[in-house]
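Hi,

Here is the structure I said I'd pass on to you. Open it up, keep it beside this email, and follow along as I go through what turned up.

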Amino acid sequence: MEEEAEKLKELQNEVEKQMNMSPPPGNAGPVIMSLEEKMEADARSIYVGNVDYGATAEELEAHFHGCGSVNRVTILCDKYSGHPKGFAYIEFSEKESVRTSMALDESLFRGRQIKVIPKRTNRPGISTTDRGFPRARYRGRGSGYTTSRARFYSGFSSRPRGRSYRGRARATSWYSPY
């Protein structure tokens with residue numbers, strides 16, 4: 001038993017020596033880029049839509065290899081299930097590759113007609129879901145009044161919310177097992 005413990009310690013020491021001697025392969029962690037660097041990288045990138053769910057990064061790289069050298073292929077996945085979302089981003093080395101890759105728009109990839117457009121740069125503070133007014137302000141329960149703006153945008157009416165009593169249901173309780 002002591003021999004096994006000594007062997008394990010020796011193996012662990014060897015692994016630690018190898019880790020200290022050689023740098024970790026690839027990127028060791030998240031790379032923090034400035035906004036200008038992100039915009040420059042996005043200018044060399046494309047969005048590929050309608051990608052088959054079983055597609056791999058190597059297959060996408062091979063499909064776009066004729067357009068120029070590919071730096072990175074990113075297939076986005078759902079964070080809860082881990083399944084692919086059906087679109088990808090491809091970053092090239094040169095900006096000219098983006099223009100040549102536009103020729104592959106509506107081409108067939110794994111039996112699907114893919115959509116290829118230049119990648120847009122996300123700007124901080126700008127949301128695609130922002131509609132110009134705070135929606136939560138008009139969502140009071142049973143307040144009895146709403147503004148015309150709330151009725152126009154969200155379909156709320158001036159009637160109070162809640163259960164309305166109609167017909168015979170007034171005399172019975174609300175519980176129904178079926």
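Let's start with K119, which is partly exposed because its relative accessible area is 22%. On that scale, buried means under 20% relative accessible area, exposed means over 50%, and partly exposed is in between (1.4 Å probe, protein chains only). The areas themselves come from the Shrake-Rupley method with a 1.4 Å probe, and for residues only the protein chains shown count as cover.

Before going further, some ground rules: this is a predicted model, where local features need pLDDT of at least 70, side-chain atom pairs count only at pLDDT 80 or more, and totals for chains, interfaces and linings use all residues. Residues are numbered from 1 along each chain as its sequence is written, and side-chain values use heavy atoms, with hydrogens and water left out.

Now the overall layout. The protein has five helices and six strands. Helices (H or I, at least four residues) and strands (E, at least two) are DSSP runs, numbered from the N terminus. Reading from the N terminus on, you'll meet them as α-α-β-α-β-β-α-β-β-β-α. Of the 178 residues in the protein, 18% are buried.

Next, the salt bridges. A salt bridge here is a side-chain nitrogen of Lys or Arg within 4 Å of a carboxyl oxygen of Asp or Glu. How many does a search of the whole structure find? The search gives seven salt bridges.

One of them brings us back to K119, whose side chain meets that of D42 at 3.1 Å, N to O. This pair links distant parts of the chain: K119 is in the loop between β6 (115–118) and α5 (148–154), D42 is in helix α2 (residues 35–43), and they are 77 residues apart. Is D42 buried or exposed? D42 counts as buried, because its relative accessibility is 13%.

Then look at E91 and R44, which form a salt bridge with their closest N and O atoms 3.2 Å apart. E91 lies in strand β3 and R44 in the loop between α2 and β1 (45–49), so this pair ties together parts that are 47 residues apart in sequence. E91 is buried, with a relative accessible area of 11%, and R44 also counts as buried at 11% relative accessibility. You can follow the links further too: E40, R44, R72 and E91 are joined in a network of salt bridges.

R110 is another one to click on. R110 forms a salt bridge with D52, and the closest N and O atoms are 3.4 Å apart. Here again the pair links distant parts of the chain, with R110 in the loop between β4 (108–109) and β5 (112–113), D52 in the loop between β1 and α3 (57–63), and their positions 58 residues apart. R110 is partly exposed, with a relative accessible area of 42%, and D52 counts as partly exposed at 21%. R110 also has a positive phi of about 55° although it is not a glycine.

E106 has a positive phi as well, near 65°, and is likewise a residue other than glycine. You'll find E106 in the loop between α4 (96–101) and β4, and E106 counts as exposed because its relative accessibility is 51%.

On to the strands. Strand β2 (residues 70–77) and strand β3 (residues 84–92) run antiparallel, joined by six bridges; two strands pair if DSSP finds at least two bridges between them. Which residue in β3 does V73 stand opposite? V73 faces I90 there. β2 and β3 form a hairpin with six residues between them, and G82 in the turn has a positive phi of about 85°.

A quick stop at G66, which sits in the loop between α3 and β2. G66 counts as exposed, at 80% relative accessibility. The C-alpha atoms of G66 and S97 are separated by 9.0 Å, while the two residues are 31 apart along the chain.

Last, go to helix α1 (residues 2–21), where E2 lies. E2 counts as exposed because its relative accessibility is 66%.

Have fun clicking around!
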